[in-house]
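Please walk me through this structure, starting from a single residue and working out to the chain as a whole.

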Amino acid sequence: MNFVEELRWRGMLHDIMPGTEELLDKGMVSGYIGFDPTADSLHVGSLAQIMTLIHFQRAGHKPFALVGGATGMVGDPSGKSAERNLLSEDVLQHNLNGIQKQLEKFLDFNAGVNSAQMVNNYDWFKEYTFLNFIRDVGKHITVNYMMAKDSVKNRINGDTGMSFTEFTYQLVQGYDFYYLWKNHQCVLQMGGSDQWGNIVTGTELVRRKDAGEAYALTTQLIKKSDGTKFGKTEGGNIWLDPEKTSPYKFYQFWLNTSDEDAKTYIRIFTLFDKGTIEALEVEHATAPHLRGLQKALAKDITIRTHGEGEYEKAIKSSEFLFGNTGIEFLNELNEAEVIGLFEGVPNFNIAKAELADGINIVDLLGAKTAVFPSKGEAKKMIQGGGVTVNKAKVNSPDDVYTTDNLLGGKFIVAQKGRRNYFLIIAE
């Protein structure tokens, strides 16, 4: 497998430094990508870089995942990001542990000579004094060099200059590359196309400080065809951690991809070969309403992120909400999974003690909760046969519900019509 060609046909390659492809053809190369430890989970925005490392390792090379424990303690040097705040050492360590567990799902850390390896720049910066850093590193990269490198970006953003913090931050990132080149024989840094300047700073530091050679490769930034940001929904980030984004919601994110985006994403986020993808595209073109591309994409990435069992559960969850799966399915889910399944669905709390004595269905839906705006409307729709509770049609406005009707000892699922769900939670 040729790593660069693999990225190229998948539409992932953006820039590559001269000589990089020839270097990769000679034998095993060590290379790295940096990840931001501002949370204890990565999100789908990180998946493109994870996929880059996967292809890198599959091509016989050694991948390093650098997590920025030291740079994470600085936060966002520009002060513009609400997501990159200053973090304590304890919080950072917690985040690093979470990220490593996630990377272990995708990369092989026990593959012999090209085993994946995770490194933390805090390990080599924690005892590095500021004066020593400026003496050993700062003198090799001038402010003029940094400004020239970023001049186009600065003109676009309307900036008039670079703060000392930003200058130092970029020096730190450049030194990361130098350190890994010097101590781990990492000769290649990879990243998104917006990281090209930082990567080149590292290659320049290797050249100026030790007269060495280092190389750079960047991938395309992932965009949505409608111009909106990839990886975010109205509810926020789509996380890889099932506690932050349920496997069902994760599956639905990919399933709801547009046809145009699915053609792009299936190349970037799956391990399907070119022939398989082209065959899927032909099938999809003949019957786009079946959403074959989206289903193949969602299945592959959900299984690799959460496992076969969670994928099957996500399918059952979809069938429950949009098909004819029985109410018994909810008994297979834990409390968090039930609440996650009904995320975005109106939910209401009632006292379990009230249910113990029994509540008339009209009172339950039209007074104790706001499934209906009034008891009169609740009664009218029940009489018209348009109300179901726990997937069973309510036959009479005189029906009474008790704790015996709770699913998992806590939930009642009401429906108005076929698609309008309401979750009642007994506390």
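The loop between helix H11 (196-210) and strand S6 (215-219) holds Glu-213. The model in which it sits is a predicted one. With a relative accessible area of 57%, Glu-213 is exposed, because exposed means over 50%. Exposed as it is, Glu-213 is in contact with Trp-181, Val-187 and Val-206, leaving aside its neighbours within four places in sequence. The side chain of Glu-213 also makes a polar contact with the side chain of Tyr-215, at 3.1 Å. Thr-203 lies 10 residues from Glu-213 in sequence, and the C-alpha atoms of the two are 7.1 Å apart in space.

A contrasting case is Thr-52, found in helix H3 (residues 47-58). Its relative accessible area is 0%, so Thr-52 is buried. Not counting residues up to four places away in sequence, Thr-52 touches Phe-3, Leu-7, Met-12, Ile-33, Met-190 and Thr-219.

From these two residues we can turn to the chain. Its secondary structure comes to 20 helices and 15 strands. Of its 427 residues, 50% count as buried. Among contacts between residues at least 6 apart in sequence, 71% join residues at least 24 apart.

What does the largest nonpolar core contain, and which of its residues touch the most other members? This core has 81 residues, and those that touch the most other members are Phe-3, Val-44, Leu-47, Ile-50, Tyr-175, Trp-254 and Phe-269. Phe-3 is also among the residues that Thr-52 touches. Leu-47, for its part, touches Phe-106, Leu-240, Trp-254, Phe-269 and Ile-301, not counting residues up to four places away in sequence. A second core is separate and has 22 residues, including Ile-361, Ala-378, Ile-382 and Phe-422.

Helix H14 can be followed in more detail. It runs over residues 274-286, and at 1.5 Å a residue its 13 residues should span 18 Å; the end C-alpha atoms are 19 Å apart, which agrees. At the start of H14, a side-chain oxygen of Asp-273 reaches to within 3.3 Å of the backbone nitrogen of Gly-275.

Which residues of H14 are buried? They are Ile-277, Leu-280 and His-284. These residues cover an arc of only 60° around the axis, and therefore lie on the same side of H14. The spacing fits a general rule: an α-helix has 3.6 residues a turn, so residues three or four places apart point the same way. The buried residues of H14 pack against three helices, namely H1 (3-9), H13 (259-269) and H15 (292-306). On the face turned away from the buried side, H14 carries the exposed residues Val-282, Glu-283, Ala-285 and Thr-286.

Helix H1, one of the partners of H14, leads on to the charged pairs. The structure holds 17 salt bridges. One of them joins Glu-5 and Arg-8, whose closest N and O atoms are 2.4 Å apart. Both residues lie in helix H1, 3 residues apart, which is about one turn of the helix. Glu-5 counts as partly exposed because its relative accessibility is 36%, and Arg-8 counts as partly exposed at 37%. The pair does not stand alone, since Glu-5, Arg-8 and Glu-21 are linked in a network of salt bridges.

Another salt bridge is formed by the side chains of Glu-6 and Arg-10, at 2.9 Å from N to O. Are these two residues buried or exposed? Glu-6 counts as buried, because its relative accessibility is 13%. Arg-10 is buried too, with a relative accessible area of 2%.

A further salt bridge brings together the side chains of Glu-427 and Lys-410, at 3.5 Å from N to O. Glu-427 lies in the segment after strand S15 (420-426), and Lys-410 in the loop between strand S13 (400-401) and strand S14 (411-416), so the pair ties together parts that are 17 residues apart in sequence. Glu-427 counts as exposed, at 54% relative accessibility, whereas Lys-410 counts as buried, at 15%.

How values were computed. Residues are numbered from 1 along each chain as its sequence is written. This is a predicted model: local features need pLDDT of at least 70, side-chain atom pairs count only at pLDDT 80 or more; totals for chains, interfaces and linings use all residues. Side-chain values use heavy atoms; hydrogens and water are left out. Helices (H or I, at least four residues) and strands (E, at least two) are DSSP runs, numbered from the N terminus. The expected span of a helix is 1.5 Å times one less than its number of residues. Buried means under 20% relative accessible area, exposed over 50%, partly exposed in between (1.4 Å probe, protein chains only). The arc is that of the directions from the helix axis to the C-beta atoms. Contact means heavy atoms within 4.5 Å. A polar contact is a pair of N or O atoms within 3.5 Å; within protein, one must be able to donate a hydrogen and the other to accept it, and residues adjacent in sequence count only if both atoms are side-chain atoms. A salt bridge is a side-chain nitrogen of Lys or Arg within 4 Å of a carboxyl oxygen of Asp or Glu. A nonpolar core is a set of buried Ala, Val, Leu, Ile, Met, Phe, Trp, Tyr and Cys residues joined through side-chain atoms within 4.5 Å.
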